[in-house]
Amino acid sequence: MRLNCISAIIVACLTSALCAASDNHCLNTVVIDPGHGGHDPGGVSKDRKTREKDIALKIALYFGKKISVGYKDSVKVCYTRTDDHYITLQGRADYANSHKADLFISVHINAVDSGKPHGHSVHILGPSRDPGKDLVEGNLNVCKKENSVILLEEDYTTKYHGFDPNDEASYIFMTLMQSAYYEQSIYLASFVEEQLCKGPIPYSRGISQDPFYELWKTAMPSVLLELGFLTNDSDLALLLQDKCLEQIAEKLYQAFRVYKKYYDESMKI
Ligand SMILES: [Zn+2]
C-alpha cells in the first residue's frame, strides 16, 4: 500500500466526516447493513442449512421497520440490501456516505469451527487492543474472516488500494486512521450491548475496537454487531425462530431510541 494513497483516503474520510457533521443537527438518517448476500453466504451452521446472510437480513429488516414506524416522519431508514444480493464492503461504505447517514449499523451473525463459543459482541473501529481476549482466537481473526469477502472480487487490489485482508500489515495502516466518531460510536455500542443483554441471546462477549473495513470507510458513527453464533446449538435454536429475531430487533430499536436522544441533545449544545 502506498503512503500517498493512504493519505488521500484519510483526507477524503475526514473531509467527508466534517461535511456530514455540519449538515445535520438531529439524527435523521440511519443506514442498516445486513452483512454478506448473494454468492457470499457469510457464516453457516454446522449442518450448512442456516446461513448468516439470511438471518442478518431478517433482523435488519425487522429493526428498520421498527424505526420507520416509531419515527415515521423524522428518521429515514436506508438499507444496503433488502434482498439476497452481493455488495462489496466498499459499496456498503459508499452507500452510507452518499446517503449522508448519521448512523451505520452492520448486522452479522458469527460462526466458527468450534461449537462452544456463543453470545453476541459489539464492534467499533479501532486497533485490536487485546488480541488475546476470548473473542474467538483474537478479534483479528474475526476481522480477517469478515473482511475476506474482499477476495471474492476480481479487482480487489485496485479497488481497495492494496488493502489485503490476510496481511496483518494492512491492519496497521487501517488503525492509523482514528475515527472522528469514536466517542459517539462508543456510546452507541454501549447502548446496544446493554439492550442485547436483555434479549433472547443475553450472553455478552463484550464491546471491542476492531479493524473492520466497512467501519473504517464510513464517515459517521458506526457499529458492527455479531448477534450470536450459528455454530452453537443454543444460539442456533434461537436464531431459527422468527420470534427471537424480532425480539433481537426490538432490543436494537430500544438502543437506537436511547442513542438518538443522546445524539440529538448533544447536537443542541
Ligand atoms: Zn459476517
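## Close-up views of a predicted model

**View 1. Strands E1 and E3 side by side.** Pro34 has Val107 as its bridge partner in E3. The model shown here is predicted. Strand E1 covers residues 29–34 and strand E3 covers residues 103–110. The two pair in the parallel sense, over 5 bridges. Helix H10 packs on the sheet and touches E1, E3 and E6. The direction of H10 makes about 155 degrees with that of E6.

**View 2. Strand E1 and its side chains.** How many residues of E1 are buried? The count is 6 of the 6, so the strand is largely enclosed by the rest of the structure. In a regular strand, side chains alternate between the two faces of the sheet. From E1, Thr29, Val31 and Asp33 point one way. Val30, Ile32 and Pro34 point the other way. Both sets are buried.

**View 3. Strand E1 meets strand E2.** E1 and E2 run parallel and are joined by 4 bridges. Opposite Thr29, in E2, stands Lys76.

**View 4. The sheet as a whole.** An open sheet is built from 6 strands, with mixed pairing. Their order is E2-E1-E3-E6-E4-E5. Which strands form the edges? They are E2 (76–79) and E5 (204–210), each of which pairs on one side only. Neighbouring strands of the sheet are turned against each other by 20 degrees on average, direction ignored.

**View 5. Edge strand E5 and its partner E4.** Strand E4 spans residues 120–125. E4 and E5 pair in the parallel sense over 5 bridges. One bridge partner is Ser204 in E5, which goes with His120. Is E5 mostly covered or mostly open? Mostly covered: 5 of its 7 residues are buried.

**View 6. Helix H2 across the sheet.** Helix H2 is formed by residues 52–70. H2 lies across E1, E2, E3 and strand E6 (222–229). Relative to E3, H2 runs at about 145 degrees.

**View 7. Helices H7 and H10 packed together.** Two packed helices are described by the angle between their axes and the distance between the axes. For H7 (residues 182–196) and H10 (residues 242–268), the angle is about 145 degrees. Their axes are 8 Å apart. The crossing of H7 and H10 is right-handed. From H7, the contact is made by Glu183, Gln184, Tyr187, Leu188, Phe191, Val192, Gln195 and Leu196. On the H10 side, the residues in contact include Ile248, Lys251, Leu252, Gln254, Ala255 and Val258. Also among them are Tyr259, Tyr262, Tyr263 and Met267. By class, the contact of H7 with H10 has 13 nonpolar, 3 polar and 2 charged residues.

**View 8. Gln184 in its surroundings.** Gln184 lies in helix H7. Why does Gln184 count as buried? Its relative accessibility is 13%, and the cut-off for buried is under 20%. Which residues are in contact with Gln184, leaving aside neighbours within four places in sequence? They are Pro221, Tyr259, Tyr262, Tyr263 and Met267. Tyr259, Tyr262, Tyr263 and Met267 also take part in the contact of H10 with H7.

**View 9. The whole chain, for context.** The chain has 10 helices and 6 strands. Of its 269 residues, 55% count as buried. Among contacts with a separation of 6 or more, 82% come from residues 24 or more positions apart. The chain exposes about 11800 Å². Carbon and sulfur atoms supply 54% of that exposed area.

Notes. Residues are numbered from 1 along each chain as its sequence is written. This is a predicted model: local features need pLDDT of at least 70, side-chain atom pairs count only at pLDDT 80 or more; totals for chains, interfaces and linings use all residues. Side-chain values use heavy atoms; hydrogens and water are left out. Axes are lines fitted to C-alpha atoms, for helices over the stretch in contact, and angles run from 0 to 180 degrees between N-to-C directions. A crossing is left-handed if the near helix is turned anticlockwise from the far one by less than a right angle, and right-handed if clockwise. Contact means heavy atoms within 4.5 Å. Ala, Val, Leu, Ile, Met, Phe, Trp, Tyr, Cys and Pro count as nonpolar, Asp, Glu, Lys and Arg as charged, and the others, Gly among them, as polar. Buried means under 20% relative accessible area, exposed over 50%, partly exposed in between (1.4 Å probe, protein chains only). Accessible areas come from the Shrake-Rupley method with a 1.4 Å probe; for residues, only the protein chains shown count as cover. Two strands pair if DSSP finds at least two bridges between them.
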